[in-house]
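Here is a short report on how some helices pack in a protein model. Look at the structure first, then read on.

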Amino acid sequence: MAVSISVPDRWAVGEESVPDPRVDLVSFREEFYRCLPSRGDALFELTDALLCSGTAVRTLVELSLAAEHRRGHGALYDAINCGRVDFTRLRRALGGLTIPCDRGGRIVLAVDVSAWLRPDAPTSPQRGFCHVYGRGKNQAQLIPGWPYSFVAALETGRTSWTSVLDAVRLRPDDDETAVTATQVREVITRLREAGHHCDGDPDILLVFDAGYELARLAFVLADLPVQVLGRMRSDRVLCFPAPPPGRTGRPPRHGPEFRFADPITWPTPETISSTETDRYGTASASAWNRLHPRLVHRGSWAQHPGPPPIVEGTVIRLTVDHLPGDRHPTPVWLWCSDPGVSADDLDRLWQLFLRRFDLEHTFRFFKQTLGWTAPRLRRPEAADRWTWIVLVAYAQLRLARPLAEDLRRPWERPVPPTRLTPARVRRGFSRTRATMPVPASAPKPSRPGPGRPPGSKNTHRAPHHHVGKRAETKARKPVGAACPG
């Protein structure tokens, strides 16, 4: 369920843009070129071709036909497969750009996973099973591919823009919670080093969708100035604080249960709010403070020393009157790591959570327009390079927003310059690029190699790789070996 409300964006609340956005764009492009130690000219021109092609990217080789790509298709694939990208420096460059904040000056980071599906690539290593939702009810599937974890800063208001800060490929044997916690910690560290968050500023809000271990993330990131907010399934069971210990027996660790699916277990909410929305009627939110999950030594808590901790938070139940298309609205259950959410923060929390769906627009733009998952690359390292090229191209579109012209189609409505979508900004990026220097050097004349002789067979066949996690098993005893004793 997605609920939208009329909240002004950062352009409407009086925030001024940078004095000269062209300077920031040129500086970022030069810094990006310095992050390419090998095949940098080809990778840089590939990024410009991606930005200036004008149409949706269907195949990677078609980008070599763009005027901005002055090299051949062989140099393009050589750069993707054998080039080098300084990801550490590039991450710092993205963290140094302007970060959007909400009306209260708080940074809101959304974390989600998007899959690059590769079901028909048995020669591609490090593929895992990616959870994909089908069109029908209960039609979810597990398809082999490369899942990527993205972290993006969210803007306020109705917008399809986000500020993507990091992307990490999840390997089959990775602990997703541990990788996500490390990724978020590194992003926050870079933001603090860049001066976007200082001591005394509002805590950074981390927004997660269902499927994440929220209590584990809140426990691991407790030393950072963050708050965790995420969605929980409607069948979860949490506990209230334990009652005072009695005279005899072991002191209890958990109090009465709070079952999401059983209203009888719901006491009177500590906070209740009601907000009128323009599309979904009345949005009602109820909050119960100091609720925690019952943790056991299993999964990510298997190696935890001593008893599992008590991670308290606030449970929020959100309901609306109706949904577009006469769909039946189902309640949304949220959990916040703040155990004492006040009435002033209740409405703001669920509204900030709904801003997380802006990241879905970014994923759709990556895949359908920029062609993030269009190339049929074999090596995951090449997929990482192409992923970061897409991220850098999107960052340049964000910087070019104040410079873009509205080159709308005859059937499209005119919009203010501050409301242009990423696709419309990309439409006129070739004009913006023509006014800026290009750090890439001109290509040198060369001739293609002879290639494989006609009629010869490939004697170096690529090995096939299994999908998913590989459990370590004990070595079997050879057949016919003598048994001890």
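H1 and H2 are oblique to each other, because their angle falls in none of the named ranges (under 35 degrees roughly parallel, over 145 roughly antiparallel, 65 to 115 roughly perpendicular). Helices (H or I, at least four residues) are DSSP runs, numbered from the N terminus. This is a predicted model, where local features need pLDDT of at least 70, side-chain atom pairs count only at 80 or more, and totals for chains, interfaces and linings use all residues. Residues are numbered from 1 along each chain as its sequence is written, and side-chain values use heavy atoms, without hydrogens and water.

The table gives the two helix pairs. Axes are lines fitted to C-alpha atoms over the stretch in contact, with angles from 0 to 180 degrees between N-to-C directions.

| Pair | Axes come within | Crossing angle |
|---|---|---|
| H1 (residues 21-34) and H2 (residues 40-52) | 9 Å | roughly 140 degrees |
| H2 and H3 (residues 73-82) | 9 Å | roughly 105 degrees |

H2 is thus roughly perpendicular to H3. Ala42, Leu43 and Leu46 in H2 meet Ala75, Leu76, Ala79 and Ile80 in H3 (contact means heavy atoms within 4.5 Å). This contact has 7 nonpolar residues, no polar and no charged.

On the H1 side, Arg29, Phe32 and Tyr33 meet five H2 residues: Gly40, Asp41, Phe44, Thr47 and Asp48. Here the split is 3 nonpolar, 2 polar and 3 charged.

What is the average pLDDT (confidence per residue, from 0 to 100) of the protein? The average is 88. Residues 473-485 stay under 50. Where pLDDT is low, the predicted coordinates should not be read in detail.

Key. pLDDT = per-residue confidence, 0-100. Helix = DSSP H or I, 4+ residues; strand = E, 2+ residues; numbered from the N terminus. Nonpolar A, V, L, I, M, F, W, Y, C, P; charged D, E, K, R; others polar.
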